[in-house]
Amino acid sequence: MSDGLVLPDLGLIVRMRGVDTGGTLTLMESAGQSPGTGPRRHVHANEDEAFFVIEGTYRWELGAESREVEAGATIWLPRGVPHRFEVGPTGGRMLHLYTPGGIDRYFTAWQAAITSGAADTVVPELAARYGLTYEAK
């Protein structure tokens, strides 16, 4: 058991890695993300996802649907559904559950690419390797 692997530039803490759960799941927490931030719209080919909002509000786009959620809300995303979220005006915290596990390797490699200054060139290849497709900016 540990306090988690902090990925500061991504505002994430890896609470359980896929390798620690026999590949069953990855559990992460988003914390320290600024209001108005969030990932570009994207699709996971390999993982189903569940999110639990601990604090704050978020605006979610789930496929063609858009909705505001607040603390206590749970969001389920089967693989293949395009989605994105944006952190609300007061910031927020969420738990992210991915199954099967292993997507933590993508986020860890992304953090390393940011630290080394190579994110712009490395992240597209990482996304493809881990089955993520991002919509154009």
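Two residues are in contact here when heavy atoms of one lie within 4.5 Å of heavy atoms of the other. With that in hand, keep in mind that what you're looking at is a predicted model, and let's start with a serine.

S66 sits in strand β6, which covers residues 65-70. Once you set aside its neighbours within four places in sequence, S66 is in contact with R59, W60 and E61. Is S66 buried, or is it out in the open? Neither quite fits: its relative accessible area is 47%, so it counts as partly exposed, because that label covers what lies between the 20% limit for buried and the 50% limit for exposed. For a sense of distance, take A127: it is 61 residues from S66 along the chain, and the two C-alpha atoms are separated by 24 Å.

Stay on strand β6 and you'll also find E68. This one is exposed, because its relative accessible area is 56% and the cut-off for exposed is over 50%. Not counting residues up to four places away in sequence, E68 touches Y58 and R59. The C-alpha atoms of E68 and Y58 are separated by 5.7 Å, with their positions 10 residues apart along the chain.

Y58 is a handy link to the inside of the protein. The largest nonpolar core has 28 residues, and the ones touching the most other members are Y58, W60, I75, Y106 and F107. Who supplies this core? At least two residues each come from β2, β5 (48-62), β7 (74-77), β8, α1 and α2. Among the contributors, β5 gives the most, with five residues.

Now follow the core over to helix α1, residues 104-116. The helix has 13 residues and runs 18 Å from its first C-alpha to its last, close to the 18 Å expected at 1.5 Å a residue. Which of its residues are buried? They are D104, Y106, F107, Q111 and A113. The buried residues of α1 pack against quite a list of partners: β1 (5-7), β2 (12-16), β3 (26-30), β8 (83-99), α2 (119-129) and β9 (132-134). F107 is worth a closer look, since leaving aside its neighbours within four places in sequence, it is in contact with L7, L10, L12, M28 and Y98.

Both sides of this helix have something to check. Before it, P100 is found in the loop between β8 and α1, and the peptide bond from T99 to P100 is cis, with omega near 0°. After it, α1 is followed by G117, whose phi is positive, near 80°.

What about open space? The largest pocket has a volume of about 770 Å³. Of the 35 residues that line it, G38, P39, R40, W110 and Y134 are the closest to its centre. Elements giving two or more residues to that lining are β4 (42-44), β5, β8, α1, α2 and β9. The largest share, six residues, comes from α2. Sort the lining by class and you get 19 nonpolar, 11 polar and five charged residues.

One last stop is A31, in the loop between β3 and β4. How far is A31 from P82 in space? The two are 23 Å apart, C-alpha to C-alpha, and 51 residues apart in sequence. Neighbours within four places in sequence aside, A31 is in contact with G11, L12, G92 and R93. L12 is a residue you've already met, as one of the contacts of F107. A31 has a relative accessible area of 23%, so it is partly exposed; the limit for buried is under 20%.

Key:
Residues are numbered from 1 along each chain as its sequence is written. This is a predicted model: local features need pLDDT of at least 70, side-chain atom pairs count only at pLDDT 80 or more; totals for chains, interfaces and linings use all residues. Side-chain values use heavy atoms; hydrogens and water are left out. Helices (H or I, at least four residues) and strands (E, at least two) are DSSP runs, numbered from the N terminus. The expected span of a helix is 1.5 Å times one less than its number of residues. Buried means under 20% relative accessible area, exposed over 50%, partly exposed in between (1.4 Å probe, protein chains only). A nonpolar core is a set of buried Ala, Val, Leu, Ile, Met, Phe, Trp, Tyr and Cys residues joined through side-chain atoms within 4.5 Å. On a 1 Å grid over the protein atoms alone, a cavity is a set of points where a 1.4 Å probe fits but cannot get out, and a pocket is an open set with protein on both sides within 12 Å along at least five of seven lines; lining residues have an atom within 4 Å of a point. Grid points are joined across faces, edges and corners, and a volume is the space filled by probe spheres set on the points. Ala, Val, Leu, Ile, Met, Phe, Trp, Tyr, Cys and Pro count as nonpolar, Asp, Glu, Lys and Arg as charged, and the others, Gly among them, as polar.
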